[in-house]
Amino acid sequence: MLEDYRSAPVSDAERALFAFIEKMNRESTGIDQRDVDVARAAGWTDEALYDAITVCALFNFYNKWIDATGVGDMPAAAYAASGERLATLGYARPAESPA
């Protein structure tokens with residue numbers, strides 16, 4: 001998947017969404033009705049496309065903000081701990097212990 005979504009073992013619907021987002025990321029002003037129609041024909045709703053566009057746009061914003069402000073990268077151990085937490089707990093916040 002990281003090398004090329006076109007040959008990755010994903011569904012045709014996912015491949016269509018990734019193609020849509022790739023175009024949005026590379027040439028957002030070139031997105032037209034035909035692109036939307038292809039994604040819809042693959043089974044994606046307008047809401048799903050909106051969500052995908054929003055996630056992509058936010059990651060672009062965050063990356064530009066981080067680059068411009070000089071925010072440093074986390075150490076490898078922090079990424080490993082974050083991955084472990086997400087794999088076991090998901091995005092839910094841990095319950096706070098009573099005081």
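The following questions and answers concern a predicted model.

Residues are numbered from 1 along each chain as its sequence is written. As the model is predicted, local features need pLDDT of at least 70 and side-chain atom pairs count only at pLDDT 80 or more, while totals for chains, interfaces and linings use all residues, and side-chain values use heavy atoms, with hydrogens and water left out.

Me: Which element of the chain has the highest mean pLDDT?
Reply: pLDDT is the predictor's confidence in each residue, from 0 to 100, and its mean over the chain is 91, with 96% of residues reaching 70 or more. Helices are DSSP runs (H or I, at least four residues; strands are E, at least two), numbered from the N terminus. Among the elements, helix H4 (residues 76–89) has the lowest mean, 91, and the highest, 97, belongs to H2.

Me: Which helix gives the largest share of the largest nonpolar core?
Reply: A nonpolar core is a set of buried Ala, Val, Leu, Ile, Met, Phe, Trp, Tyr and Cys residues joined through side-chain atoms within 4.5 Å, where buried means under 20% relative accessible area, exposed over 50% and partly exposed in between (1.4 Å probe, protein chains only). The largest such core has nine residues, among them Leu17, Met24, Val36 and Cys56. Two or more residues come from each of helix H1 (12–27), helix H2 (33–41) and helix H3 (46–69). The largest share, four residues, comes from H1.

Me: Is Asp35 buried or exposed?
Reply: Asp35 lies in helix H2, and, leaving aside neighbours within four places in sequence, Asp35 is in contact (heavy atoms within 4.5 Å) with Phe20, Lys23 and Gly30. Arg34, also placed in helix H2, is exposed because its relative accessible area is 57%. Asp35, in turn, has a relative accessibility of 16% and therefore counts as buried.

Me: Which residues does Ile31 touch, not counting residues up to four places away in sequence?
Reply: Ile31 sits in the loop between H1 and H2 and, at 25% relative accessibility, counts as partly exposed. With residues up to four places away in sequence not counted, the residues touched by Ile31 are Phe20, Lys23 and Met24.

Me: Which residues, leaving aside neighbours within four places in sequence, are in contact with Met24?
Reply: Met24 belongs to the largest nonpolar core, as does Cys56. Leaving aside neighbours within four places in sequence, the contacts of Met24 are Ile31, Ile53, Cys56 and Ala57.
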